[in-house]
Number of protein chains: 6
Amino acid sequence: YDKDAYEGNEVAGVVTGLAWTSVGGDILFIEASLSPGKGKMTLTGNLGDVMKESAVIAMAYIRAHAQELEIDHRVFDQWDLHIHVPAGATPKDGPSAGITMLTALTSAFTQRQVKQHLAMTGEITLRGKVLPVGGIKEKILAAKRANIKEVILCKSNQKDILEIKADYIKDMTFHYVSNMMDVVKLALLPVKVKNALDISYREEGNKQKQD
Amino acid sequence: YDKDAYEGNEVAGVVTGLAWTSVGGDILFIEASLSPGKGKMTLTGNLGDVMKESAVIAMAYIRAHAQELEIDHRVFDQWDLHIHVPAGATPKDGPSAGITMLTALTSAFTQRQVKQHLAMTGEITLRGKVLPVGGIKEKILAAKRANIKEVILCKSNQKDILEIKADYIKDMTFHYVSNMMDVVKLALLPVKVKNALDISYREEGNKQKQD
Amino acid sequence: YDKDAYEGNEVAGVVTGLAWTSVGGDILFIEASLSPGKGKMTLTGNLGDVMKESAVIAMAYIRAHAQELEIDHRVFDQWDLHIHVPAGATPKDGPSAGITMLTALTSAFTQRQVKQHLAMTGEITLRGKVLPVGGIKEKILAAKRANIKEVILCKSNQKDILEIKADYIKDMTFHYVSNMMDVVKLALLPVKVKNALDISYREEGNKQKQD
Amino acid sequence: YDKDAYEGNEVAGVVTGLAWTSVGGDILFIEASLSPGKGKMTLTGNLGDVMKESAVIAMAYIRAHAQELEIDHRVFDQWDLHIHVPAGATPKDGPSAGITMLTALTSAFTQRQVKQHLAMTGEITLRGKVLPVGGIKEKILAAKRANIKEVILCKSNQKDILEIKADYIKDMTFHYVSNMMDVVKLALLPVKVKNALDISYREEGNKQKQD
Amino acid sequence: YDKDAYEGNEVAGVVTGLAWTSVGGDILFIEASLSPGKGKMTLTGNLGDVMKESAVIAMAYIRAHAQELEIDHRVFDQWDLHIHVPAGATPKDGPSAGITMLTALTSAFTQRQVKQHLAMTGEITLRGKVLPVGGIKEKILAAKRANIKEVILCKSNQKDILEIKADYIKDMTFHYVSNMMDVVKLALLPVKVKNALDISYREEGNKQKQD
Amino acid sequence: YDKDAYEGNEVAGVVTGLAWTSVGGDILFIEASLSPGKGKMTLTGNLGDVMKESAVIAMAYIRAHAQELEIDHRVFDQWDLHIHVPAGATPKDGPSAGITMLTALTSAFTQRQVKQHLAMTGEITLRGKVLPVGGIKEKILAAKRANIKEVILCKSNQKDILEIKADYIKDMTFHYVSNMMDVVKLALLPVKVKNALDISYREEGNKQKQD
Ligand SMILES: [Ca+2]
Ligand SMILES: [Ca+2]
Ligand SMILES: [Ca+2]
Ligand SMILES: [Ca+2]
Ligand SMILES: [Ca+2]
Ligand SMILES: [Ca+2]
Ligand SMILES: [Ca+2]
Ligand SMILES: [Ca+2]
Ligand SMILES: [Ca+2]
Ligand SMILES: [Ca+2]
Ligand SMILES: [Ca+2]
Ligand SMILES: [Ca+2]
C-alpha cells in the first residue's frame, strides 16, 4: 500500500509532487501548515539536507516576491510554518520537490486553492529559474497511476516527455515552465479554500487575533 | 518482565500504543505531562528522529486545530510539555506511534480521560490523515495479551486484521479511521480525569496562577 | 580502591544508588547541588544519554508534583541544579539510577535528610511508576559489602531478591515500590540536614537573598 | 543538460563563476538575494565548509569597506542575505568562487547591474588580495562554450591563460587583478538594475519601509 | 623540551598539577584568568570531555561554597572565566586535574597567592570529597625532577607514596586530604598576589569599574 | 605558486607567521579585521580546533591586558573581529601561530603598524608565556626565501637556530622571547597605519560613530 493516489485539493498548503526512488516513481505530498507564531520554520518527514534547502529557498523567494504574490510581508513574522512530507519512515532527499514546496508554501500564505488533479516536479533557484530534474518517465507513470491529469515540469524536461509513448499519456496535460512565478500562476486558483485561515496582518500581533 | 500489561486510565496524558520489534509485538505507553512554562517541548525515552518528528507533527496539528479541540491556543505558551516513552533502555523509532502521541498530547492539554482498555497504532500527517503502519498481527496479539479490548487503526490496515484468525480476536473491537480528528473523538471521553490540572488561560501569566 | 563504601547522610542532595557493570556490582553516589541561578540543569560524570534522560524525567516529575512534595514551584527558576555522578573516568549509562536521581533532586530542593545506610535502584517514568531493572543480585552483594542496610527496589524486582540466599541478606531490609512518590516517602526523613540551604521563594529574586 | 549557458544580467546579485570538477569545467551562478530582516546570512546549494567561508569573508570585506563601496553600513542590520548556488544535487566546495561571491553580494547591496557576458574565478582574502586558483584551462573552455566574453582572474593565473592556444580564445578578454576592489570596479556597472530594490537606510527600521 | 619545570607563583590563577601519560609523568599548569564579563566559562588546551567536566564541577563547588571561600557570589556574573592548559598540541583528558582546577579557580576569584613549589593531583566531586587517581609514582618522579617540594594528594593515594623508595622523596612533603576545602586551605596563602585584580562587587556592574 | 613572499605592512591586523607542513616550511598571513558590532569573533581559513584555540587565547590575553596594551577595554563590545588565514583550500592546525595571532589582534585593536620584513612563530599561554614550537629549520629557510629579515621565536627555540648553518642566516636577525608582552613590543611600531580606523570608545555605541 505504499503507492499513493491523488487525494483532492480541499486543504490549502497541500500540493502533490512526484518522486523517483530505487523502486520506481511515486507521488508524494508536501504539507505546509501555519500556526500563530514568530516566523519559525519546522521541517519533518525524514528529509535530507538538500530537500531541506529547497524549503529554505522557496521561503526566501516568497519573502523576496511577497508583493507580486499578494502576501503582506509583515505576516511572515506572525506565523510559524511547518512543512511535512509523509511518510515518516521513508528517507527523502534531492532538489526535485522545489516547485512543489514553492506552491505549497504560497498556498499556505495565500490560502488559495490548488488546481485539481495536478502534480509537479522541478528544482528551484533563488533568482526564480526552474531547473530540470531526473526520473521523469518513472514519475509520469506514477502520476498517471495516481489519477493525476496535469503535470508542471521544467522546459528542459520536455524532451523526456517526448520519449514516453504518446498513446500512454494522451489524456494528460503537460505544462513546461522556466520561471518559478509561472508555476504559482498555473498551480494556484484565484479562489481561497473553504474555511480559509485569516492570514491578514494584525496591528497588535497575532495574540489578539484569536481571542 | 518486559511484556507490559494495560495499566488503567486515571492519568491524563498517558495513552497505550502498540509496538513491533524484532522480538515480537508489545504495548507501550506514551506519557505526556505539562508543567508551568513557556511552550518548550522535551522528549525522552531513547527516541529516534522519526519518532521525535511524530511528536512535533502532533503538536503542530493540535496548535492548528486548537479551536476544534476546544483548547485555548494561548495556553500553549504558558506550559512546558514533556513526552516520555518507557522503558529508557530500549531504543525506539518509527512513525507508528503518531496517533498515540496525538491522543496523549490532546489529553494532556484538555485533561480529558482516555477510554478504558484502548490501544492504537498509526502514522499521522500534518494535513490530518492517518496512514497505515506495519506489524499489525504481532501488535494485535500483544494487545490481547495485555488485556486491551479496543484498538484504533488506519482504514488501510483493515486488511491486516482480516488476516488474523477471527476466533482469536472475537472479543476485541477495531476502529478504522482515516482522519486524525476521528482518533481523538474515539479515544478521549468527554469527562476530565479526577484531580485534573487547570489548563485555562491566565491573564497575568502562569506564575500568578500557582501562588 | 574503586569499590566504594557508604559515606553517611550529612549532605542534602547526595543519595546512594546501585550500579551493575561488567566487573560486578558497586554502589554509586548521585550528587545534586543547588546554586543561585535561573533554573539551568548541568550534568557531569561521564553520563550517557539514557542516564541524562533519567535526570530530566526526575526534574519533570518534581516540577509536576511540587505541591505534593512541599516545594514552592517558583523556586525552580531561582536556582541552578548541578548533578554529578563520580567517578569521572567511568562512563555510566542506563535508566536504573532513576529513583536515586529522583531522591537526590527532591532532597536538594527540600534539604530533607536522606535515611541512613539506604541505597536504591529502579527506573522512573513520567507518570510516576517505578520500573524494574537488571543486575539485582550483583547490586545487592555490592550493597552489603558497602555497609548498606536498606534497599528500595521495584516490586517487579522482588523475585530477584528471592533468588538470593536468604542467609546472606538476613540483616538487610528491602522495600518494594511501584509508585515514585513512595520512594521519596521511604528515603527522605522529615527533618532537614544541618546547615540546610534556605530554598524558600524570595519576592525580589535570588540576587537580594544573599547580600 | 548539466552544462549551463550564460543567462543575462537583469537581476542584481546574480554573478557567473567558473567551476572545475572531475568531469571538466562548467560555469556556475552565485545568487545573492536580500529580504527585510536583521542581518542574518543563509547559505544553500550543497556547499562545503571552505565555500561557505568564502561567503563569510566576502561579507566581512564588504562590511569593512562599506564606505568605499558606497553602501550605508547601517543597512547590513536591516536586511537578511541569502546566497544560493545551483544546482542543489551537486556538492560544491573550495575557495575559487570567492571573487564571484564578493561581486554577487556587492551587487545585491548596491543593486548595481553586473557587466554582460562576464565570468570570474579567484580566491579572496580578508585583507583584499585576490589569490590564484586551479583548473584555469578547463574553466576557460567552459566559459567560451557558455558564451562568456570577458573573464576576471588573479594576476598569478595569467601564466595559465598563456598556455591556452591563443587562437581558441582570441575573441575573449581577460582581466588580471590582485586587489579585490578592482574586481568590483571591473564587474559592476555604475547603473542599477531595472526595478532595483530600495536598500537605503530607514530611520524607523525596515518594517515601516514596506507598508 | 617538553618536560616542564616549576615556574613560580607570581600570578594568581596559575597552579601546578601532575599528569601521567604514555611517555611518563610530567607537571602541567592550569591557567585561570578573569576578564570583565557576564559569567561565561571558556576552556582551551585541547581538553577532553572528562577534563572539561572537572572545570564545571570546580566552578559549581566554588559557587555553592562562595561564602566559606570569602567570595562575594555576585561577582560570578560580572567576570568571564577562561581556563587554559598548555601545551595546545597535546590532547589531555581525565579527572585527575580536579583539585588543581579547583585551586586555580579559587585563586583567580580571590587573587590569593599559591604556595611556592607546590603541585597536586586528585579528582573532585560535587559534595566536596577528593577521590584517588592513578599514575602516582610517575607523577611524583616528574614533580621531583621539576623542582616541586610539596604535593597534595587524596588520602587513598597514600599507599602509592609508601611504595616509592623513601630515600628518593625524603626532601618532599606530602599532604593527604579527603575534603576539597582542605586543598584550598593548604594551597592558597592568605595574601593576595602583587598587582591583584580588584574582584569586589560593583553596584553599577563591571562596565563602570574600569573607566 | 603556493610558496608565498613577504607582502608589506601597510594594513593593520596583518602579520606574517611561519608554517611547517609535510612539504616543507612556508610563510603564512594572519589577517585580523574589525567591523562595527558587538564583540563577536569569526574564524575562517580551514582552521583546526587547536589553531582556533590560539585565537581565543590571544583575545583573552588582550582583554586581560587591555590597559597595558593601551586599548580601552570597552571597545571590545563595540566591534566584531574576523580572523582569516589564507589559503582556504589548505587545512591548518597547531598552536604555533599563537604569537602571530596575538600580534595581529593587537595591531587590529590599536591600528599600530607591524614592523617591516618581520615574521614569527611560537605558542601562547594564558599566563603570558611564549612556548617553543617545532619545524624551526624549515620555517627559517622559508622565511629567508620569502624575504623576511627578522624573526621572533621562543627562547627555548634558540638551540634550533644554532643548528642552522650560520652563513646561511647571517643577514637575518633573531629575537628570542619568553614573555608574550615582549612579542608585541618587538613587533608593533608606535605609529598607526595610514588611514587607521578610529577604534576609540563611543558613548552612544558604534551605530552613531559612522553616520
Ligand atoms: Ca508512497
Ligand atoms: Ca516533486
Ligand atoms: Ca515492554
Ligand atoms: Ca503506536
Ligand atoms: Ca566505584
Ligand atoms: Ca541506582
Ligand atoms: Ca552545471
Ligand atoms: Ca568561481
Ligand atoms: Ca610538558
Ligand atoms: Ca593534576
Ligand atoms: Ca603558501
Ligand atoms: Ca606562526
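Which side chains meet in a salt bridge at 3.6 Å, N to O, between chain D and chain F? In this predicted model, the two partners are D:Lys129 and F:Glu7. The corresponding question for chain A and chain D leads to A:Lys129 and D:Glu7, whose side chains meet in a salt bridge of 3.6 Å, N to O. The points below take up the two interfaces of chain D, then the arrangement of the copies, and then the salt bridges across the structure and within single chains.

**Interface of chain F and chain D**

- The contact draws on 25 residues of chain F and 23 residues of chain D, and the area buried between these two chains is about 1800 Å², with carbon and sulfur atoms giving 60% of it.
- Three salt bridges are found across the interface of chain F and chain D, and one of them is the pair formed by D:Lys129 and F:Glu7.
- Seven residue pairs, both residues at pLDDT 80 or more, are in polar contact across the interface of chain F and chain D.
- On the side of chain F that touches chain D, the elements that give two or more residues are β2 (24-36), β3 (41-44) and β4 (79-84) of chain F, and β2(F) gives the most, with seven residues.
- By residue class, the side of chain F that touches chain D divides into eleven nonpolar, ten polar and four charged residues.

**Interface of chain A and chain D**

- Chain A brings 24 residues to the contact and chain D brings 25 residues, while the two chains bury about 1800 Å² between them, 60% of it on carbon and sulfur atoms.
- Of the area that chain A buries against chain D, 35% is supplied by A:His73, A:Leu126 and A:Arg127, which is more than any other three residues supply.
- Between chain A and chain D the count is three salt bridges, and seven residue pairs, both at pLDDT 80 or more, are in polar contact across the interface of these chains.
- The side of chain A that touches chain D takes two or more residues from each of α1 (49-64), β7 (123-124) and α4 (158-162) of chain A, and among these elements α1(A) gives the most, with seven residues.
- The residues on the side of chain A that touches chain D divide into eleven nonpolar, four polar and nine charged.

**Arrangement of the copies**

- Chain F can be laid on chain D with an RMSD of 0.0 Å by a turn of 60 degrees, with a shift of 0.0 Å along the axis.
- The two copies are therefore related as by a six-fold rotation axis.
- Chain A and chain C are joined by no contact, and their closest C-alpha atoms lie 22 Å apart.
- Chain C and chain F likewise do not touch, with their nearest C-alpha atoms 22 Å apart.

**Salt bridges across the structure and between chains**

- Over all chains, the structure holds 60 salt bridges.
- In the pair of A:Lys129 and D:Glu7, A:Lys129 lies in the loop between β7 and β8 (130-131) of chain A, whereas D:Glu7 lies in the segment before β1 (14-21) of chain D, so the pair joins two chains.
- A:Lys129 is partly exposed, with a relative accessible area of 30%, and D:Glu7 also counts as partly exposed, at 29% relative accessibility.
- A network of salt bridges links A:Glu7, A:Glu31, B:Arg127 and B:Lys129.

**Salt bridges within single chains**

- Within chain A, the side chains of A:Arg74 and A:Asp72 meet in a salt bridge of 2.6 Å, N to O, and A:Asp72 is partly exposed, with a relative accessible area of 28%.
- Within chain F, the side chains of F:Asp72 and F:Arg74 meet in a salt bridge of 2.6 Å, N to O.
- The two partners in chain F fall into separate exposure classes, because F:Asp72 is partly exposed with a relative accessible area of 28%, whereas F:Arg74 is buried with a relative accessible area of 17%.

Notes
Residues are numbered from 1 along each chain as its sequence is written. Chains are lettered from A and ligands numbered from 1 in the order in which they are written. This is a predicted model: local features need pLDDT of at least 70, side-chain atom pairs count only at pLDDT 80 or more; totals for chains, interfaces and linings use all residues. Side-chain values use heavy atoms; hydrogens and water are left out. Contact means heavy atoms within 4.5 Å. Buried area is the accessible area (1.4 Å probe) that two parts lose on being put together, summed over both. A salt bridge is a side-chain nitrogen of Lys or Arg within 4 Å of a carboxyl oxygen of Asp or Glu. A polar contact is a pair of N or O atoms within 3.5 Å; within protein, one must be able to donate a hydrogen and the other to accept it, and residues adjacent in sequence count only if both atoms are side-chain atoms. Helices (H or I, at least four residues) and strands (E, at least two) are DSSP runs, numbered from the N terminus. Ala, Val, Leu, Ile, Met, Phe, Trp, Tyr, Cys and Pro count as nonpolar, Asp, Glu, Lys and Arg as charged, and the others, Gly among them, as polar. Copies are superposed by least squares on the C-alpha atoms of residues with pLDDT of at least 70 in both. Buried means under 20% relative accessible area, exposed over 50%, partly exposed in between (1.4 Å probe, protein chains only).
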